[in-house]
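Visitor: I am new to reading protein structures, and I would love a close look at one part of this one. Could you take me through how some of its helices sit against each other, and who touches whom?

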Amino acid sequence: GLRRNPTFARLWLAQAVSALGDWIYSITAITVVTQAGGGARSIALLLTLQLGPAALVGVFGGPLVDRRSRRALMIGADLIRAAAVASLLLVPGPPAMAHLGAVAVCLGGFGALFAPSLQASLPNMLPAPQLVAANSVLSSTFTFAVTTGPLIGGFVVAQLGAEPGFALNAASFLLSAVLILVARVPRRAGRGEKTSPFHDLREGLHHIAVSPVTRSLLAVLGFVMLAAA
């Protein structure tokens, strides 16, 4: 059923290409930092600059994903991230730590808009019985990217240098944007009542607070991510 759905196929491919580019970029950026003499603190700072804004945007961007075109948000996030990574190719020599930090903030913030926009679009394009399979495919693809991306990135950086690694990531964002542009992502059904974004945010946080299942899942996920980091 998923194979016969061209919209899902394009979104899946967009996610696959983008995730692969992200992990190629990660090993490239870390290599640039270490070659410039940076140690564990510099790498930790770079990761914090990317993940910190992602956490904030992930919380406060939820109402935005529910109120704007998810297709437009995904395309916009891809184009902005492509421009940010491409800017690293415009400077002579290795990019400065401040430049890499600014790109990290951009990647984290706009990536946190792309992911929920993609996930929230699935119920609008797939029947309920296919949602588990679709999420499984997306999760498996991300795991494949986590495994394969650093291998490709390490080979590219070792053989050709950092610039091709940055170029591959920028190109992956552009290809993702094109795939989403040609995909017919259904619009979300409008709600009968209009509320403020802050009301929606409070409603979501209240649901987390009163739902034992949601609260427990988030606690376990947070613990696992902290240990992995």
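Guide: Happy to! Please keep in mind that this is a predicted model. Let's begin with a pair of helices, α2 and α5, whose crossing is right-handed. By class, 13 nonpolar, 6 polar and no charged residues make up the contact of α2 with α5. To find the pair in the picture, look for α2 at residues 40–60 and α5 at residues 97–125. Their axes lie 7 Å apart, and the helices pack at an angle of about 30°. Angles under 35 degrees count as roughly parallel, so α2 is roughly parallel to α5.

Now zoom in on the residues that meet. On the α2 side, they include Leu45, Leu46, Leu49, Pro53 and Val57. Among their partners in α5 are Met97, Leu100, Ala104, Val105 and Leu113. Glycines take part too: Gly58 from α2, and Gly101, Gly108 and Gly109 from α5.

Let's stay with α5 a little longer, since Phe110 lies in this helix as well. Is Phe110 buried or exposed? The answer falls in between: its relative accessibility is 28%, so Phe110 counts as partly exposed. Setting aside residues up to four places away in sequence, Phe110 touches Ala77, Ile80 and Arg81. You can also compare its position with that of another phenylalanine, Phe166. Phe110 and Phe166 are 56 residues apart along the chain, and their C-alpha atoms are separated by 17 Å.

Arg81, one of the residues that Phe110 touches, leads us to our next stop, Asp78. The side chains of Asp78 and Arg81 make a polar contact at 2.8 Å. You will find Asp78 in helix α4, which spans residues 70–86. With a relative accessible area of 0%, Asp78 is buried, because buried means under 20%. Which residues surround it, leaving aside neighbours within four places in sequence? Asp78 is in contact with Ser18, Phe114, Phe173, Ser176, Ala177 and Ile180.

For a last stop, look at a second pair of helices: α1, residues 6–35, and α6, residues 131–160. Their axes come within 7 Å and cross at roughly 35°. This crossing of α1 and α6 is right-handed. By class, the contact of α1 with α6 has 17 nonpolar, 8 polar and no charged residues. So there is one thing to look for in both pairs as you turn the model: the contact of α2 with α5 has no charged residues, and neither has the contact of α1 with α6.

Definitions and conventions:
Residues are numbered from 1 along each chain as its sequence is written. This is a predicted model: local features need pLDDT of at least 70, side-chain atom pairs count only at pLDDT 80 or more; totals for chains, interfaces and linings use all residues. Side-chain values use heavy atoms; hydrogens and water are left out. Axes are lines fitted to C-alpha atoms, for helices over the stretch in contact, and angles run from 0 to 180 degrees between N-to-C directions. Helices (H or I, at least four residues) and strands (E, at least two) are DSSP runs, numbered from the N terminus. Angles under 35 degrees count as roughly parallel, over 145 as roughly antiparallel, 65 to 115 as roughly perpendicular and the rest as oblique. A crossing is left-handed if the near helix is turned anticlockwise from the far one by less than a right angle, and right-handed if clockwise. Contact means heavy atoms within 4.5 Å. Ala, Val, Leu, Ile, Met, Phe, Trp, Tyr, Cys and Pro count as nonpolar, Asp, Glu, Lys and Arg as charged, and the others, Gly among them, as polar. Buried means under 20% relative accessible area, exposed over 50%, partly exposed in between (1.4 Å probe, protein chains only). A polar contact is a pair of N or O atoms within 3.5 Å; within protein, one must be able to donate a hydrogen and the other to accept it, and residues adjacent in sequence count only if both atoms are side-chain atoms.
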